[in-house]
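Here is a short tour for someone meeting this protein for the very first time. Have a look at the model below, then read on.

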Amino acid sequence: MSRPASLDTQQLIECANGAMFGPGNARLPAPPMLMFDRITRIDEKGGAFGKGQLVAELDIRPDLWFFACHFEGDPVMPGCLGLDAMWQLAGFYLPWLGEPGRGRALGVGQVKFTGQVLPTAKLVRYEIDVRRVMRGKLALVIADGRTYVDDRLIYEAEGLRVGLFQSTEGF
């Protein structure tokens with residue numbers, strides 16, 4: 001498979017359906033849990049550490065599912081969904097590199113929230129800088145991430161960890 005440098009919504013949905021990396025391999029979550037509409041950049045040598053960078057975007061609309069329930073009368077995107085988006089994006093890197101297995105988030109070192117996503121926002125951008133890729137019994141990516149709303153930094157995560165497993169039985 002050739003490695004695309006960006007993906008549109010349809011390609012992301014194909015990945016969620018298992019068509020991109022094949023049976024038994026990593027998938028992105030399907031909508032509505034897929035937390036970005038497109039990946040605008042995947043670069044194996046870019047980023048702050050020169051080991052890879054990914055950038056994705058989510059178009060904000062007032063009718064997004066989470067605004068209706070979080071919170072009634074005070075709608076805000078849950079911060080955990082922004083963190084999950086960073087795990088989703090970091091985890092996409094391993095199968096994009098050709099690593100087999102099913103992806104699972106394994107942790108994060110530190111998370112900082114300094115803003116929020118409201119229904120009046122237009123665009124959320126996620127940026128992932130890969131710190132390290134480990135290939136062995138377990139393929140693992142360690143990365144730092146940032147989330148921006150309308151170009152304003154609102155979330156930072158250090159030490160995002162995502163692994164690929166040949167079997168998730170007993171995990």
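## Starting point: Leu 94

Let's begin in helix H2, which is where Leu 94 sits; helices (H or I, at least four residues) and strands (E, at least two) are DSSP runs, numbered from the N terminus. Leu 94 has a relative accessible area of 0%, so it is buried. On this scale, buried means under 20% relative accessible area, exposed means over 50%, and partly exposed lies in between (1.4 Å probe, protein chains only).

What does Leu 94 touch, once neighbours within four places in sequence are set aside? Its contacts are Glu 99, Val 133, Ala 139, Leu 140, Val 141, Val 162, Gly 163 and Leu 164, where contact means heavy atoms within 4.5 Å. Leu 94 also lies 9.4 Å from Arg 135, C-alpha to C-alpha, with their positions 41 residues apart in sequence.

## Ground rules

This is a predicted model, in which local features need pLDDT of at least 70 and side-chain atom pairs count only at pLDDT 80 or more, while totals for chains, interfaces and linings use all residues. Residues are numbered from 1 along each chain as its sequence is written, and side-chain values use heavy atoms, with hydrogens and water left out.

## Gly 163, a partner of Leu 94

Gly 163 belongs to strand S7. Is it buried or exposed? Its relative accessibility is 0%, so Gly 163 counts as buried.

Apart from residues within four places in sequence, Gly 163 is in contact with Leu 94, Arg 102, Gly 103, Arg 104, Leu 106, Leu 138, Ala 139 and Leu 140. Gly 47 is 116 residues away along the chain from Gly 163, and their C-alpha atoms are 20 Å apart.

## The nonpolar core

Now for the inside. The largest nonpolar core holds 48 residues, and Phe 36, Ile 39, Phe 92, Val 117 and Tyr 126 touch the most other members. A nonpolar core here is a set of buried Ala, Val, Leu, Ile, Met, Phe, Trp, Tyr and Cys residues joined through side-chain atoms within 4.5 Å. Two or more residues of this core come from each of helix H1 (9-16), strand S1 (38-43), strand S2 (53-59), H2, strand S5 (123-134), strand S6 (139-149) and S7. The biggest share, 11 residues, is from H2. In soluble globular proteins, nonpolar side chains tend to be buried together.

For a closer view, take Ile 39: not counting residues up to four places away in sequence, Ile 39 touches Ser 6, Leu 7, Leu 12, Val 55, Ala 56, Leu 89 and Phe 92.

## Two pockets

The largest pocket encloses about 370 Å³ of space. To find pockets, a 1 Å grid is laid over the protein atoms alone: a pocket is an open set of points where a 1.4 Å probe fits, with protein on both sides within 12 Å along at least five of seven lines, and lining residues have an atom within 4 Å of a point. Grid points are joined across faces, edges and corners, and the volume is the space filled by probe spheres set on them. There are 21 lining residues in the largest pocket, with Arg 27, Leu 28, Pro 29, Gly 103 and Arg 104 nearest its centre. H2 gives the most to this lining, with 6 residues. The lining has 12 nonpolar, 5 polar and 4 charged residues; Ala, Val, Leu, Ile, Met, Phe, Trp, Tyr, Cys and Pro count as nonpolar, Asp, Glu, Lys and Arg as charged, and the others, Gly among them, as polar.

The second largest pocket has a volume of about 180 Å³. Of its 13 lining residues, Pro 31, Leu 34, Phe 36, Asp 37 and Leu 58 are closest to the centre. The lining of this second largest pocket divides into 10 nonpolar, 1 polar and 2 charged residues.

## Backbone oddities

Most residues other than glycine have a negative phi, and most peptide bonds are trans. Pro 31 and Pro 32, however, are joined by a cis peptide bond with omega of about 10°, and Pro 32 is in the loop between H1 and S1. Another cis bond runs from His 70 to Phe 71, with omega near 5°.

The loop between S6 and S7 includes Asp 150, which has a positive phi of about 45°. Asp 151 is found in the loop between S6 and S7 too, with a positive phi near 70°.
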